[in-house]
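Open the structure in your viewer and keep the selection panel at hand. The stops below are meant to be taken in order.

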Amino acid sequence: MGVVLGVWGSIILCDMKDDNVPLFPYNPWAYPEQRPRLFAEALREPDREGLMEGFRFYLQQLGRSEGTVRSYATLVRHALDYFQEGLGRSGLNLARGDILQLVDELKASKRSEARIANLVSAIRMFANFVSWCGQTFPQVDMPDYLLPRRKAVPYQEAEVREILAGFTSWKSIWALPLEAVVRLLLETGLDTPAIRSLKLQHYEAGDGLIQLPGGKHPLSRPARTFFEAFLAWRDEVRRPGFSELVLSPAGMRLEARGLYDARHMYAEFLGMDM
């Protein structure tokens, strides 16, 4: 179906094949054909507020809270200012180590781990927003931070490395599905309900691309290597009729309670709070 518009004052009714936005105040960022132009113009000016308007709209479409929307937009805006004014980068012409350099400077200035973790999460979501606009985010190195946590406390880098390394020695039927969820949390910015809803068709194994709300996002090489083994396991356990990407050990849909219990068991195995 194409786009069917019905205008009533400032409200526009849309049935969009790509975006499936049923009813919202008019916003030009809602239209896939307009996003590349809007993004390029905002980046070229540079029009930070215009760019953040689009980023905020994207986060709102994902159902993020207003507090998260404001926080992420502010963090990304400061990061872009740093790249331009501190490192002399124009637009999104980032060097591979620029984000790591920003994180190192924040650590050196005694910024909290929570603030840095939120910044990393915000940048990941901004990269997804860039793909949603039909553009390509530069290949950059990202530090390992994992959000969210059970008590809304971010994991530090050392904890993330411990969590990932521990899966190799955890002899549990839950090891592979839980590691799949953790790696997707790390690399996509999706929350666990969204990850549980991902279908197998959303992952292109050959190219290591995961389909996100706004476009395809490449997984890191370690994640791609993991998913090669994971998909072979998935084929063995999958029961007919279940098409989710991440399945339970029984080969069925991954339920929230089962995932919660698995996380609790793994936390006990590691001897840490998850």
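The tour goes through a predicted model, starting with its strands and ending at its largest pocket.

**Stop 1: strands 4 and 5.** Select residues 203-204, which are strand 4, together with residues 209-212, which are strand 5. The two strands pair in the antiparallel sense over two bridges. To see how they face each other, pick Y203, which stands opposite I210 in strand 5.

**Stop 2: the turn.** Now show what lies between these strands: four residues, so placed that strand 4 and strand 5 form a hairpin. Click on G208 in the turn; its phi is positive, about 65°.

**Stop 3: strand 6.** Keep strand 5 selected and add residues 215-218, which are strand 6. Strands 5 and 6 run antiparallel and are joined by four bridges. Here L212 is the residue to pick, with G215 of strand 6 opposite.

**Stop 4: the largest pocket.** How much space lies in the largest pocket? About 720 Å³. To centre the view, select V140, E187, H217, P218 and S220, which are the closest to its centre among the 25 lining residues.

Next, colour the elements that give two or more residues to the lining: helix 5 (113-132), helix 7 (175-188), strand 6 (215-218) and helix 9 (221-237). Helix 5 supplies the largest share, four residues.

Finally, colour the lining by residue class: eleven residues are nonpolar, six are polar and eight are charged.

Definitions and conventions. Residues numbered from 1 in each chain as written. Predicted model: local features only at pLDDT ≥ 70, side-chain atom pairs only at ≥ 80, totals over all residues. Heavy atoms only, no water. 1 Å grid on protein atoms, 1.4 Å probe; cavity = no way out; pocket = protein on both sides within 12 Å on 5 of 7 lines; lining within 4 Å. Points joined across faces, edges and corners; volume = space filled by probe spheres on them. Nonpolar A, V, L, I, M, F, W, Y, C, P; charged D, E, K, R; others polar. Pairing = 2+ DSSP bridges.
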